[in-house]
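Reader: Please take a close look at one part for me: the open space at the surface. I would like the terms explained as they come up.

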Amino acid sequence: MGYDPENPMKDRITDIGPPHYEQFFPPVIKKNYGKWLYHEITQPGVLKHVSETGDECYTVRIGCARLISVSLIRDYCDIADKHCEGYMRWTTRNNVEFMVDSAAKVQPLLDDLKAHGQMPVGGTGAGVTNIVHTQGWVHCHTPATDASGVVKAVMDELFDYFTSMTLPAQVRIALACCLNMCGAVHCSDIAILGVHRKPPMVDHDAISGLCELPLAIAACPLGAV
């Protein structure tokens, strides 16, 4: 049926677009939504939230690359199934967070994360949180540089600051592969930005058979194609 302004909820289709985020809340989050009094960082990578109801939620944050394998995602899911009733979440800076509802569940979770070997705990407080970056060569036609390799090299040097809280304040780092800056480098403390230094070389005999012309034209930051 068509839309009825007199009864706007009648025959409403609710499955258009993404599912409502509430259905992905862990039970302790859903129960205490809007009731949190305060939070504190009990150790690097571990946050404690306390509700006005007396409930507590402990969040363990680990570092994660933006581009990861299916097998690693399955390992995350196994950890979530074992410790967190199947719940976990990704942050906007490519961290993964596991949430439990009691302090007694934190150490067993930390032990399993450490035993895995590829799930470093940290990224909270006065340290370096994970580096957010753009697509790079894997999925973009305009980058001046790739992202993953540079981010890996930088984070290797700064890793000790991810697992500790010894800096004067939290530091956010971002990398954008070109001047479009879709990696939010303009709102980070330290920005790494790829810049085109020269216009691309064009093989006019081959270009029409290799890609769509509008994409090729758009790929040149100087509009010289």
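Author: Helices here are DSSP runs of H or I with at least four residues, strands are runs of E with at least two, and both are numbered from the N terminus. The model is predicted, so local features need pLDDT of at least 70 and side-chain atom pairs pLDDT 80 or more, while totals for chains, interfaces and linings use all residues. Residues are numbered from 1 along each chain as written, and side-chain values use heavy atoms, without hydrogens or water.

The largest pocket (an open set of points on a 1 Å grid where a 1.4 Å probe fits, with protein on both sides within 12 Å along at least five of seven lines) has a volume, the space filled by probe spheres set on the points, of about 470 Å³. Its lining, meaning residues with an atom within 4 Å of a point, has 20 residues. C64, A65, N130, K152 and M155 lie nearest the centre.

Both α2 and α4 (148–162) supply at least two lining residues, and α4 gives the largest share, 7 residues. The largest pocket lies between domain 1 (20–124) and domain 2 (125–196), because both give residues to its lining; these bounds come from an automatic or database assignment.

By class, 12 lining residues are nonpolar, 5 polar and 3 charged. Nonpolar covers Ala, Val, Leu, Ile, Met, Phe, Trp, Tyr, Cys and Pro, charged covers Asp, Glu, Lys and Arg, and the others, including Gly, are polar.

The second largest pocket holds about 390 Å³. Of its 18 lining residues, I29, T59, R89, E97 and M99 are closest to the centre.
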